[in-house]
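Good morning, and thank you for the time. I should like to take you through the packing and the empty space of one model, beginning with a single helix.

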Amino acid sequence: MIDTFRNIFKIEDLRNRVLFTLAILAIARVGTHIVIPGVNPTVLSAAWQDLAGGILGLYDLFTGGAFQKAAVFGMGIMPYISASIILQLMGAVVPYFQRLQKEGEEGRRKITQYTRYGTLLIASMQAIGVAIFLEAQQANGVPVVANGGFGFKLLTMLTLATGTMLLMWLGEQITDRGIGNGISLIIFIGVIAQLPQS
């Protein structure tokens, strides 16, 4: 096994791909620690103790702990996954998307573009929900968000949607210039990061 790893680094192209993938995954992990502006992370951590179980805990597992920290990458890559699933289902029902699926490379490019637009739409809608959720949270009578309102909701929507789009782009970069499927690797590294706490 050790010889296999040594051999990987002897081949220049393979070594560059592995190092590129590791660098992108490191960037993806850094984004899970940068907190959204306006959120008090100490109060949020205390409030999360009551929320950790159930569906929110599962969602946080797939985001690598970023959701519970209200981080820039707090929604993870899930809006992209949702948009991909919706477009695949539409391919079975809507004739236009059926034609695109049969067009080969050109159709695949258009479907990828529609998936990106869908990701932005879903991420924006979910981000507004996250902003409303954060404004409603408190611990020991102290609110998680000190200055809520429209400005906070708008900033949170822009931050989280941009974070999701950046993660999607990073995943595409791994797929194109690194090793493996980038989206799957980003999800995998997030789950692995949460294993010690789980």
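In helix H5, the buried residues are Met78, Pro79, Tyr80, Ala83, Ser84, Leu87 and Gly91. Buried here means under 20% relative accessible area, with over 50% called exposed and the range in between partly exposed, for a 1.4 Å probe and protein chains only. Helices are DSSP runs of H or I with at least four residues, strands are runs of E with at least two, and both are numbered from the N terminus.

A word on the basis of these values. This is a predicted model, in which local features need pLDDT of at least 70 and side-chain atom pairs count only at pLDDT 80 or more, while totals for chains, interfaces and linings use all residues. Residues are numbered from 1 along each chain as its sequence is written, and side-chain values use heavy atoms, with hydrogens and water left out.

To return to H5, it covers residues 78-93. Its 16 residues reach 23 Å from first C-alpha to last, close to the expected 22 Å; that expectation is 1.5 Å times one less than the number of residues. The cover over its buried residues includes H4, H6 (95-102), H7, H8 (150-177) and H9.

As for the whole chain, it has 9 helices and 2 strands, in the order α-α-α-α-α-α-α-β-β-α-α. Of its 198 residues, 38% count as buried. Taking contact as heavy atoms within 4.5 Å, residues 24 or more positions apart account for 68% of the contacts with a separation of 6 or more.

One helix pair deserves a closer look. H4 (residues 55-62) and H9 (residues 182-194) pack at about 120°, their axes 7 Å apart. Axes are lines fitted to C-alpha atoms, for helices over the stretch in contact, and angles run from 0 to 180 degrees between N-to-C directions. H4 contributes Asp60, Leu61 and Phe62, and H9 contributes Ile187, Gly190, Val191 and Gln194.

Where is empty space left? Rolling a probe the size of a water molecule over the atoms shows this. On a 1 Å grid over the protein atoms alone, a cavity is a set of points where a 1.4 Å probe fits but cannot get out; a pocket is an open set with protein on both sides within 12 Å along at least five of seven lines; and lining residues have an atom within 4 Å of a point. Points are joined across faces, edges and corners, and a volume is the space filled by probe spheres set on them.

How many cavities of 30 Å³ or more does the search find? There are 2. The largest has a volume of about 100 Å³. Among its 14 lining residues, Thr32, Phe62, Thr63, Leu167 and Ile186 lie nearest its centre, and H9 gives the largest share, 4 residues. The second largest holds about 70 Å³, and H7 (105-136) supplies the largest share of its lining, 3 residues.

Finally, the pockets. The largest has a volume of about 330 Å³; of its 13 lining residues, Tyr80, Arg108, Ile111, Thr112 and Thr115 are closest to its centre. H7 provides the largest share of that lining, 8 residues. The second largest pocket holds about 260 Å³, and its lining includes Tyr80, Thr112, Arg116 and Glu172. H8 gives the largest share there, 4 residues.
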